[in-house]
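The exercises below are to be worked with the sequence and the model in view. Each task is followed by a solution that proceeds step by step.

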Amino acid sequence: MIFQQTLGNKVTFSGIGLHTGKTITITLRPAEPGTGVVFHRVDLTPAVSIEAHAENVVNTRLSTTIGRGEASVSTIEHLMAALYGCGIDNAHVDINGPEVPIMDGSAAPFVSAIVKAGVKESRKARKYLVIKKPVSVTEGDKKASIIPSRHYKISFDMQFAHPAVKSQVRSLEFSQTSFTDEYAAARTFGFLAEVEMMKSHGLALGGSLENAVVIGDNGVLNPEGLRFQDEFVRHKILDSVGDFSLAGHRLIGHVKATKSGHDLNHKLVMEIQASRLLHPDRVHPAGLQRSLQHRAAGAGLAGGLKRQVKTKIKIKTEVVVKTEVEQKLRAAPFGGLLFSFQRDLELLEFPSPFV
Ligand SMILES: [Zn+2]
């Protein structure tokens, strides 16, 4: 899948905000290529638009909140994970309150809404942020890093002293089906003592066993039990997919997180962005086309040009194959692949392998 995608139609749904306890309505609408995901606080006059980018994150306590001026939208991470997981690059999100509804505590209801709206492919290429050098952030015993990898992977190691949770370790090798089938339904969770304390402080007013797994002294309080034996770490990975989607481009790299949460996830994304400033992206295929023109004008299709083209194509081919290029492109002969790159494919390579 290398072309940017949006929703086929608009779709509207409502739910309770976890922290405000109020009913909030969301409409997801199709957006033009290059838009990204943009939230619109349509209850404000005039409406305030906030791009879902790491630079707009204003709070990472309990959930991820983006804001502009006085306006903000919190608990965006499960919806963002669903959009990313369903392959949606561009969407408008109209919301009539300060908080994305918690629904059942997972991303599954958002996935269902997106499936209902349908997915529409554009003719504009996606950009991928390919991690070429490790980037990491630590805070006490918490750590989050991303290292070069052929695929987008998230490995999460969570450790709690609570006997009902203990340690859970899991790795997601990202694909649309792995996310929607194995992670989207994992619910948010909390400890009974913390939930009671939050409510006493006016938080989690909408929280209930309908939208969170609550853990008491002797285990899970929800009568239906867990959806997955390791639902907690699956949910932490779901949160991470949402938080890392704020990098602005799809990542190709392996995230390794130990006891991370929204705060450290955000810091890692900001660290990646800071590294990008030190090593500006090389955007292709413009460079390839310039190189082709330059070499062709100078020496024709001499050995040097062939070698250079071969090298560059090899790198791009790897990237495309590992990011699930569509069957038609897989089946295309080399010439077809080259044509596609020249015409459409833009890749952000970070830092450039050519320096
Ligand atoms: Zn969550």
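**Exercise 1: a helix and its surroundings**

Helix 5 (residues 231-244) has 14 residues and spans 20 Å from its first C-alpha to its last, close to the 20 Å expected at 1.5 Å a residue. This is a predicted model, in which local features need pLDDT of at least 70 and side-chain atom pairs count only at pLDDT 80 or more, while totals for chains, interfaces and linings use all residues. Residues are numbered from 1 along each chain as its sequence is written.

Task: determine how the expected span is obtained, and how many residues of helix 5 are buried.

Solution. Begin with the span, which is expected to be 1.5 Å times one less than the number of residues; helices here are DSSP runs of H or I with at least four residues, and strands are runs of E with at least two, numbered from the N terminus. Then turn to burial, where a residue is buried if 20 or more other C-beta atoms, placed from the backbone, lie within 10 Å of its own. By that criterion 14 of the 14 residues of helix 5 are buried, while 40% of the 355 residues of the chain count as buried.

**Exercise 2: a five-stranded sheet**

Task: establish the strand order of the open sheet of five strands, and identify its edge strands.

Solution. Counting strands as paired if DSSP finds at least two bridges between them, the order reads 2-3-9-4-5, with mixed pairing. The edges are strand 2 (11-16) and strand 5 (48-51), each of which pairs on one side only. Within the sheet, strand 4 (residues 37-41) runs parallel to strand 9 (residues 91-95) over five bridges, and H40 stands opposite D94 in strand 9.

Definitions and conventions
A residue is buried if 20 or more other C-beta atoms lie within 10 Å of its own, exposed if 12 or fewer, and partly exposed in between; C-beta atoms are placed from the backbone.
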